[in-house]
Structures are given as C-alpha cells and as structure tokens.
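The following note is offered to a colleague who is about to examine this model. Its points are numbered so that each can be checked in turn.

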Amino acid sequence: MQLLSSVSKPILTVSEVNSYIKMLMDHDPFLYDIWIRGEISNFKAHSSGHYYLTLKDESSSIRAVMFKSANIRLRFRLENGMKIIAKGRISIYERDGQYQLYMEEIQPDGIGALHIAYEQLKEKLQKEGLFDAEKKKPLPLYPERIGVVTSPTGAAIRDILNILKRRYPQAKVMIYPVLVQGEQAADQIAEGIRYFNKTKGVDVIITGRGGGSIEDLWAFNEEVTARAIADSDIPVVSAVGHETDFTIADFVADLRAPTPSAAAELVVPSQFELRDKLSSMLSRLYYAFNKGIENRRMKLRAFMQSTSFRNPMDMIYRNRMLLDQLDRQLEKNILYKIEHAKKSFGLLCGKLDALSPLAVLARGYAIVKNESSSIVKSVSGINEGDKLDIQLSDGSIFCIVDEVKPLNREM
Amino acid sequence: MNNDNKLSFEQAMKELEDIVRKLEDGELTLEESINLFQNGVKLSNQCSKMLDEVEHKVSILIKDKNGEVVERDFDAAPKEDLDEF
C-alpha cells in the first residue's frame, strides 16, 4: 500500500515486482485453494518427476505444474486431451514471471479417477497377457496347506475359516496378516503372496477381503498386487467380497471367487462328499471283485454241470450196455453159425455117403496108395520094389511091385 | 502330513480309483484281482483314516522384533499382535 501511494515512485527490480505479485497471489484466499476444470495439453513428465502441462478450455489456457510429491499419489496416468478437474493454488513462478496452477490433486472430469486407473491398468496387463486362460494354474484337488493373505481381524478370514473348518478340516491354514485397505495394503498383500512362494509352504493361496467401495477395494486393483499374483507359482484364488465388480486381482488370479466364503468352498473338496466318494469306491471295489469271483464260480459250475462231470459213470454204463448188447449178438451169431454148420455137415454127409468109394470097393475095385499114402492113379512114378497098399472093401493088401508095365496106348 | 514313504491323500485316492477301474474292466487273473482287491481295501482304509485323524489347524505368520516371520497358533495369537490390522 505504501508503495502504491508513494508520490515519488521508486524504481523496482523485476524480482521485486514478481515477488510482490507472488505475495498478492499467495495471500488471496480464492487463488490459494482453487478447483479448475480443463483439458490437458502439452503434457510433459519431466525426468525430475514433476509434471508440466497446459490446462485449456475453448478460449483460454493456463500453465500448470504438478510436483513429484503430489503426482505420485495419482492413480491414473495423465494424457493429452484428458478432461480433468484440478485442485491447487495459483501462484507465480518468479523467474519467468509466469503465473501458473500448482496442482495438488487431479480427478478425471466425468468418470472417477480410480475408474480411469482401473481401466488403464486392466488394459495394460491384458496386453501383457496376464489374464490369459493359458496362464491359469489348476487348483490342487486336495490341498494340504492353504495360505490366506488377508486381514486377520476382518469378516473375510472368519468366513474363510468357518467354511474350511466345516468342509475340509484336513487342510492346514496359514494366515499371512495384511492390511486390506489404505496405502500399505497393496504392498503387504504382494509381500504375503511372495512370502508363500518363497517358503513353498502352501499348495494354494487365497487373497481377498470383504466387500466395500472401490476405494476400499483399491489394494486389489493395484499393479503391485496384480504382479505378485501373476508371478506366483502357487495357484492364487482371489476373493474380494463384491459379487459383481471384478478387481484387477480377479482377472490375474488363477480362479476368481465372488466372495471369501466362495473362495474357501472352491479351494477345498467337501470332506462329506469325499467320504461318500470313498465309500462308493469301496463298494465298487467289493462289487467288482465279487463279480470277478462270481463269474469264475459260474464258469466252474458250468463245467461241473456238464454231463461228464455230473455223472462220470454214465459213459461206463453206456459202454457196458453196448458191450452187453454186442456180447448177446455175438452169442446169437455163433449159435447161428454152429447151427448152420451142423446143417451143412448133415447135407455134406449125405453127399459124401453117395460118393463113398467104399461102395465102389464092394463092387470089386481097389484103391492103390503108395508109401506116402497118395492114391496111385498111374503107373508112371511106380518102380520095381515100391511098396504099395491096395485097399479092398474088407481090408488092405501090402505088396511089393514086381514089374511095371505101362499100357501101350498106341497099340 | 506327507512323508516320503506315505502316500498323500491325493495319491491314495488316485491309486484307489485306478484299482477300482482295473477290477471293473476285468480281464485279470485271479491272483491279480486278489492282490488289487487287497490293495484297494488297504488304500480305502488309509484314506478314511486320513480324513478322520486330521484336526483343523490354523496358524498365523507374524513378524517378530527382528523382522523374522514366525508361525503361531492363530487362536492363541495375542490380540495386540493383530491390532495393527
């Protein structure tokens, strides 16, 4: 005030003017805390980490800066053309005499900042293939140890433990306690998942929390969480308790459960179903075995019931009968043959009688036999001195040949 | 729970299923069926024993003063250890 009302105007340096304007601006209650809507252009992320950009509307523009200390809290990336609402103060950069907006917070105009961040990260990870179905690992059928990365005091762990205890108390549960909301949450969750991978102490990991607003669930939408899940060699089931909304963790996880309870259901088999399965397998075992035995028994019975086994004497009897029959037949045949022979004999005797040489002898003929009892029919072969037997009807005369005189047929 | 000479529940179940399937398929000698059957009964007993004998165990991993992770029984863990969560 003194300066302005002074009659003899002093000459000021540039610095003094800029410094004065800065003081004015910095003390203005309106400029100190201001919200501006505009579109980003000339965006530059400087290597120092500070962001520089121009905010503009249809007819005007203003320079803006966001220091590293403020922009690290940004949950989405700034891009040219993006419509935003920025909160900050207007001040002057004394060196250039340029006033500008010092931004402390930026929200996307229209949709929420978190929403934008979510979409951006989702697109990025999807492009990297982190959501691919081939990347999904199968869950163990019967996990012996289950790692749970969640708050040890929340509703989620209670739900999970209740279900696991009822459904499959055989599995041991190891809880890695973490904060599930707030600034440290994502890092802690990622550390928990990495811990289980390092120690290899569990067969499957559940990570999640109960439902809440998008801000509450944010740890499960952060890149560090997503990467830890994607890098896990142990299958991870996400269990963020919001049935309808998917978190980034859900997309990266090997299996997404709609709630923590559902995750517990999905991770273990039911001991009751297992017992049923076991007893059904046991009855199948008995049945299959008994059937094998029964089949053999039936085959054996079929053998035993075959005639030769059932009545081994049958064949003997049958053959005996046949034998008897043959025997009888043989006897009959023999008798017949004998009878026949007798008849023929009688007949022949009659014939023989008719042809008997005795009758001829009685009429004066004789039968001459030589020494070998052959009948002599010719003089040839008879020599002097041979003994001959002359048989007559009433006896024999043994005589010695005195002379042989063949009959001369030519005479 | 699972040492080298003892089958895991999963292995035992799988073996039992294989045995049942083999027996159901038939085409075995009597000796083979008897051996499989005996093995199956043994495995089934093992499995149900495994289902019966296990108690529900829950532990929590807590960092001690030196930042080392130690395992404690969850139900017995002191409340103040969980306060920060």
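1. Helices and strands are here DSSP runs, a helix having at least four residues and a strand at least two, and both are numbered from the N terminus. On that basis, chain B has three helices and two strands. Their order from the N terminus is α-α-β-β-α. The model is a predicted one, which should be kept in mind throughout.

2. The secondary structure of chain A consists of 14 helices and 13 strands. Chain A has 411 residues, of which 26% count as buried. In chain B, with 85 residues, the buried share is 22%.

3. The two chains may also be described by the sequence range of their contacts. In chain A, among contacts with a separation of 6 or more, 62% are between residues 24 or more positions apart. In chain B, 31% of the contacts between residues at least 6 apart in sequence join residues at least 24 apart.

4. What does each chain bring to the contact between them? Chain A supplies 30 residues and chain B supplies 34 residues. On the side of chain A that touches chain B, the elements giving two or more residues are helix 6 (155–167), strand 7 (172–177) and helix 11 (271–305). Helix 11 of chain A gives the most, with 12 residues. By residue class, this side of chain A comprises 19 nonpolar, five polar and six charged residues.

5. The contact between the chains also includes strand pairing. Strand 7 of chain A runs parallel to strand 1 (residues 58–63) of chain B, and three bridges join the two. Within this pairing, M174(A) has S59(B) as its bridge partner in strand 1 of chain B.

6. Helix 6 of chain A deserves a second look for its relation to helix 10 of chain A. The axes of these two helices come within 8 Å and cross at roughly 30°. Angles under 35 degrees count as roughly parallel, and helix 6 of chain A is therefore roughly parallel to helix 10 of chain A. The crossing of the two helices is right-handed.

7. Which residues make up this helix contact? From helix 6 of chain A come A156(A), D159(A), I160(A), I163(A), L164(A) and R167(A), and they meet P260(A), S261(A), A263(A), A264(A) and E265(A) of helix 10 of chain A. The residues of this contact divide into seven nonpolar, one polar and three charged.

8. Helix 10 (residues 260–267) of chain A has the buried residues P260(A), A262(A), A263(A), A264(A) and V267(A). The elements of chain A against which these buried residues pack are helix 6, strand 6 (145–150), strand 8 (204–209), strand 9 (236–240) and strand 10 (255–257).

9. Strands 11, 12 and 13 of chain A form an open sheet in the order 11-12-13, with antiparallel pairing. Strand 11 (367–369) and strand 13 (395–400) of chain A each have a single partner strand and stand at the edges, so one side of each is left without a neighbour in the sheet. On average, and with direction ignored, neighbouring strands of this sheet are turned by 25° against each other. Strand 11 of chain A is joined to strand 12 (residues 387–392) of chain A by three bridges. K369(A) is placed opposite D389(A) of strand 12 of chain A.

10. Two antiparallel pairings involve strand 1 (residues 34–45) of chain A. With strand 4 (residues 83–93) of chain A, strand 1 of chain A pairs over six bridges, and R37(A) stands opposite I85(A) of strand 4 of chain A. With strand 2 (residues 51–56) of chain A, strand 1 of chain A shares five bridges, and A45(A) stands opposite Y51(A). Strand 1 and strand 2 of chain A form a hairpin with five residues between the strands, in which G49(A) takes a positive phi near 105°.

11. Is V17(A), a residue of helix 2 (residues 14–27) of chain A, buried, exposed or partly exposed? A residue counts as buried with 20 or more other C-beta atoms within 10 Å of its own and as exposed with 12 or fewer. V17(A) has 13 such atoms within 10 Å and is therefore partly exposed. In sequence, V17(A) and G97(A) are 80 residues apart, while in space their C-alpha atoms are 9.0 Å apart.

Terms used:
Residues are numbered from 1 along each chain as its sequence is written. Chains are lettered from A and ligands numbered from 1 in the order in which they are written. This is a predicted model: local features need pLDDT of at least 70, side-chain atom pairs count only at pLDDT 80 or more; totals for chains, interfaces and linings use all residues. Two residues are in contact if their C-beta atoms, placed from the backbone, lie within 7 Å. Ala, Val, Leu, Ile, Met, Phe, Trp, Tyr, Cys and Pro count as nonpolar, Asp, Glu, Lys and Arg as charged, and the others, Gly among them, as polar. Two strands pair if DSSP finds at least two bridges between them. Axes are lines fitted to C-alpha atoms, for helices over the stretch in contact, and angles run from 0 to 180 degrees between N-to-C directions. Angles under 35 degrees count as roughly parallel, over 145 as roughly antiparallel, 65 to 115 as roughly perpendicular and the rest as oblique. A crossing is left-handed if the near helix is turned anticlockwise from the far one by less than a right angle, and right-handed if clockwise.
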